[in-house]
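Please open the model in your viewer and keep the selection tool ready. This tour moves from one selection to the next, and at each stop it tells you what is there.

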Amino acid sequence: MWLLKKKDASVEIGNGEVTYKNDDLIESESDTSSGSSKKDKDKPKDTTPPQNYEITIDQSLIHMNNQLELSFKILNAELGSTYYYEIDDTDETTTKISGNGSSSLSTVAVTDVDVSSLIDDTLMLKVYLMDAKQNKGAVETETIEKDTTAPSGYTVGIDQEKNHQSK
Ligand SMILES: [Ca+2]
């Protein structure tokens with residue numbers, strides 16, 4: 001995508017004039033490497049990636065009965081941006097769960113994410129937004145424990161422990 005745009009811009013050189021029609025795009029590229037804001041021009045182009053968004057997982061624990069329906073929210077999403085997410089455990093042999101969609105509301109709800117193929121582990125959710133100008137925002141992360149193992153090996157003493165914890 002970037003290369004195509006740059007080629008479009010360089011076509012102008014053939015006329016004897018070096019005119020960068022798409023210099024805002026080129027600028028945004030150099031901005032990411034230098035971090036400089038000195039090149040700001042008057043043109044109100046969108047070179048600002050989506051920012052200040054947060055993610056939150058709705059569940060407090062993933063267990064046997066909700067592992068097919070993990071859900072999370074992206075708060076303060078830039079309207080019209082695209083969100084990308086992935087969830088993975090620490091096991092290299094299992095495939096991460098990933099997906100994407102359009103942020104049509106400032107609060108995006110992603111539901112029914114099936115994480116049953118991941119192992120019992122600390123799962124990490126990573127989310128970033130990309131706006132229509134391909135400006136990529138920061139990767140936000142959130143973790144949640146997955147434990148689908150039924151309690152076993154307990155004795156009657158579990159009742160007392162439970163009561164104690166609930167206070
Ligand atoms: Ca994995």
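**A pair across two strands**

Begin by selecting Glu 86 and Lys 126, because Glu 86 stands opposite Lys 126 in strand 6, where strands are DSSP runs of E with at least two residues, helices are runs of H or I with at least four residues, and both are numbered from the N terminus. This is a predicted model, in which local features need a pLDDT of at least 70 and side-chain atom pairs count only at pLDDT 80 or more, while totals for chains, interfaces and linings use all residues. Residues are numbered from 1 along each chain as its sequence is written.

Now widen the selection to residues 82-88, which are strand 3, and residues 122-130, which are strand 6; these two strands run antiparallel and are joined by 7 bridges. Two strands are said to pair if DSSP finds at least two bridges between them. Strands of a sheet pair through backbone hydrogen bonds, either parallel or antiparallel.

**The sheet of four strands**

Add the other members of this sheet, which is open, has 4 strands in the order 4-3-6-7, and is paired in antiparallel fashion. At its edges you will find strand 4 (97-102) and strand 7 (140-145), each of which pairs on one side only. From one strand to the next the twist averages 20°, an angle taken between N-to-C directions on a scale from 0 to 180 degrees, with axes that are lines fitted to C-alpha atoms.

Stay with strand 4 for a moment: 6 bridges join strand 3 to strand 4, and the two run antiparallel. If you select Ile 87, you can look across to Ile 97, which stands opposite in strand 4. How many of the 6 residues of strand 4 are buried? The count is 0, and strand 4 is hardly covered; here a residue is buried if 20 or more other C-beta atoms lie within 10 Å of its own, exposed if 12 or fewer do, and partly exposed in between, with C-beta atoms placed from the backbone.

**Two tyrosines**

Next select Tyr 85, which is found in strand 3. Tyr 85 counts as buried because 22 other C-beta atoms lie within 10 Å. Not counting residues up to four places away in sequence, Tyr 85 touches Ser 98, Gly 99, Val 110, Leu 125, Lys 126 and Val 127, where contact means that the C-beta atoms of two residues, placed from the backbone, lie within 7 Å. One of these deserves a distance label: Tyr 85 and Leu 125 are 40 residues apart in sequence, and 7.0 Å apart in space from C-alpha to C-alpha.

Then move to Tyr 83, whose contacts, leaving aside neighbours within four places in sequence, include Ile 74, Ala 77, Asn 100 and Val 108.

**The nonpolar core**

Tyr 83 also leads to the largest nonpolar core, which has 19 residues, and those with the most contacts inside it are Ile 74, Tyr 83, Leu 125 and Val 127. Such a core is a set of buried Ala, Val, Leu, Ile, Met, Phe, Trp, Tyr and Cys residues joined through C-beta atoms within 7 Å. Two or more residues of this core come from each of strand 2 (70-75), strand 3, strand 5 (108-113) and strand 6, and strand 6 gives the largest share, 5 residues.

**The sheet of three strands**

Now show the other open sheet, whose 3 strands have the order 1-2-5 with antiparallel pairing. Strand 1 (54-57) and strand 5 stand at the edges with a single partner strand each, so one side of each has no neighbour in the sheet. Strand 2 and strand 5 run antiparallel and are joined by 4 bridges; select Phe 72 to find that its bridge partner in strand 5 is Val 110.

**Two loop residues**

Select Asn 52 in the loop between helix 2 (23-34) and strand 1. Asn 52 has a positive phi of about 65° although it is not a glycine, and it counts as exposed, with 10 C-beta neighbours inside 10 Å. Gln 134, in the loop between strand 6 and strand 7, likewise has a positive phi, near 65°, but with 14 C-beta neighbours inside 10 Å it counts as partly exposed.

**The whole chain**

Finally, colour the chain by pLDDT, which is the predictor's confidence in each residue, from 0 to 100. The average is 79, and 65% of the residues score at least 70, whereas over residues 1-38 the pLDDT is below 50. In total the chain has 3 helices and 7 strands.
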